[in-house]
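Ready for some practice in reading a protein model? Keep the sequence and the 3D view open while you work through the exercises below.

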Amino acid sequence: MPQITWLGHSTFSLTLASGEVIVVDPFIDGNPSFPSGYEFSRVDTILVTHGHGDHLSGVPGLAGQFAPRVVANYEICNWLAAHGVANTVPMNFGGTTAVGGVTVTMTPALHSSAIEQPDGRNVYGGNPGGYIVRLEDGRAVYFAGDTDVFGDMALIRELHAPDLAVLPIGDVYTMSPRGAAVAARLLQPKIIIPAHYGTFPPLTGTPAELQALVEVPVWVLTPGQPVTW
Ligand code: NI
Ligand code: MN
């Protein structure tokens, strides 16, 4: 059975039935909700939704340690390659690629994606996105990335029918729980895992607010504690 582990903020580790490990949006140094003492034992694939540091900053370290394939939009892959990351897999919206025994499809998001440089300049980071991961058993997980709710989530439902939706709920930089409740109506997942909340004081949305608005179960994960799904 696949396992999903929240590592705080928008960072997730997905262990597949094959044993392969997919890490989404690694944010380790500077992530107050990253579980202390957590050690990665294996990373086969990294999925990057967009160029902001709270989604991208952990990539070079994990890439150096585990040499995974790194899936991101074309522009972020170029930037990563220029910064010493090998095995990049550039994609764009609507495309699907096989990674390990599963497939990954890039979906749009309503956000921004600049890559902030140490001197404060913003480098163009392509368009922000999300991912559908289609597992070996046919079920699909949707990692929405940072986004507001958008009407084309209905198309994501039509095309991919995700069973599990990982949605940001923190507000300010993404949709709020109220927005996520509308996303749930459009996506019709069987389970929601909320993310991108509570990490920093401005991210005030809570899972309880979302659960009060939706029938579908909202799983509140504890960082570092895997759940089998
Ligand atoms: Ni962002
Ligand atoms: Mn973010």
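## Exercise 1: A helix and its surroundings

Helix H5 is followed by Gln-188, which has a positive phi near 50°. Please bear in mind throughout that this is a predicted model.

**Task.** Decide how far H5, residues 177-187, is enclosed by the rest of the structure, and find what covers its buried residues.

**Solution.**

Step 1. Recall the cut-off: a residue is buried if its relative accessible area is under 20%.

Step 2. Go along the helix and list the residues that pass. In H5 the buried ones are Pro-177, Gly-179, Ala-180, Ala-181, Ala-183, Ala-184, Leu-186 and Leu-187.

Step 3. Draw the conclusion. H5 is largely enclosed by the rest of the structure, because eight of its 11 residues are buried.

Step 4. Look at the cover. The elements over the buried residues of H5 include S12, H4, strand S13 (164-168), S14 and helix H6 (207-211).

## Exercise 2: Two helices that cross

**Task.** Describe how H4 and H5 cross and which residues meet there.

**Solution.**

Step 1. Start with the axes: those of H4 and H5 come within 8 Å and cross at roughly 35°.

Step 2. Add the hand, which is right-handed for this crossing of H4 and H5.

Step 3. Name the partners. From H4 come Met-153, Ala-154, Ile-156 and Arg-157, and they meet Ala-183, Leu-186 and Leu-187 of H5.

Step 4. Sort these residues by class: the contact of H4 with H5 has six nonpolar residues, one charged residue and no polar ones.

## Exercise 3: A residue in a strand

**Task.** Is Ile-192 buried or exposed, and which residues is it in contact with beyond its neighbours within four places in sequence?

**Solution.**

Step 1. Locate Ile-192: it belongs to strand S14, residues 191-195.

Step 2. Apply the cut-off. Ile-192 counts as buried because its relative accessibility is 0%.

Step 3. List the contacts. Leaving aside neighbours within four places in sequence, Ile-192 is in contact with Ala-165, Leu-167, Ala-184, Leu-210, Val-216, Pro-217, Val-218 and Trp-219.

Step 4. Try a distance too: from C-alpha to C-alpha, Ile-192 and Gly-224 are 18 Å apart, with their positions 32 residues apart in sequence.

## Exercise 4: A pair of metal ions

**Task.** Which residue bridges the nickel ion (ligand 1) and the manganese ion (ligand 2)?

**Solution.**

Step 1. Write down the nickel donors: His-50 (NE2), His-52 (ND1), His-111 (NE2) and Asp-146 (OD), lying 2.2 to 2.3 Å from the nickel ion (ligand 1). Along the chain their spacing is H-x1-H-x58-H-x34-D.

Step 2. Do likewise for manganese. Asp-54 (OD), His-55 (NE2), Asp-146 (OD) and His-196 (NE2) are the protein donors, 2.1 to 2.2 Å from the manganese ion (ligand 2).

Step 3. See where two of these manganese donors sit. His-55 is in helix H1 (residues 53-56), while Asp-146 is in the loop between strand S12 (140-143) and helix H4 (153-160), so that this pair links parts of the chain 91 residues apart.

Step 4. Compare the two donor lists. Asp-146 bridges the ions, which lie 3.1 Å apart.

Step 5. Check accessibility. Asp-146 is buried, because its relative accessible area is 1%, and His-55 is buried at 0%. His-111, in contrast, is partly exposed with 25%.

Step 6. Judge the nickel geometry: the angles among the four donor atoms run from 89 to 178°, and the site is irregular.

Technical notes
Residues numbered from 1 in each chain as written. Chains lettered and ligands numbered in written order. Predicted model: local features only at pLDDT ≥ 70, side-chain atom pairs only at ≥ 80, totals over all residues. Heavy atoms only, no water. Donors = N, O, S within 2.8 Å, 3.2 Å for Na, K, Ca; no water. Helix = DSSP H or I, 4+ residues; strand = E, 2+ residues; numbered from the N terminus. Buried < 20%, exposed > 50% of the residue type's maximum accessible area, 1.4 Å probe, protein only. Axes fitted to C-alpha atoms, helices over the stretch in contact; angles between N-to-C directions. Left-handed = near helix turned anticlockwise from the far one by under 90°. Contact = heavy atoms within 4.5 Å. Nonpolar A, V, L, I, M, F, W, Y, C, P; charged D, E, K, R; others polar. Tetrahedral: all angles 85-135°; square planar, octahedral: opposite > 155°, others 65-115°.
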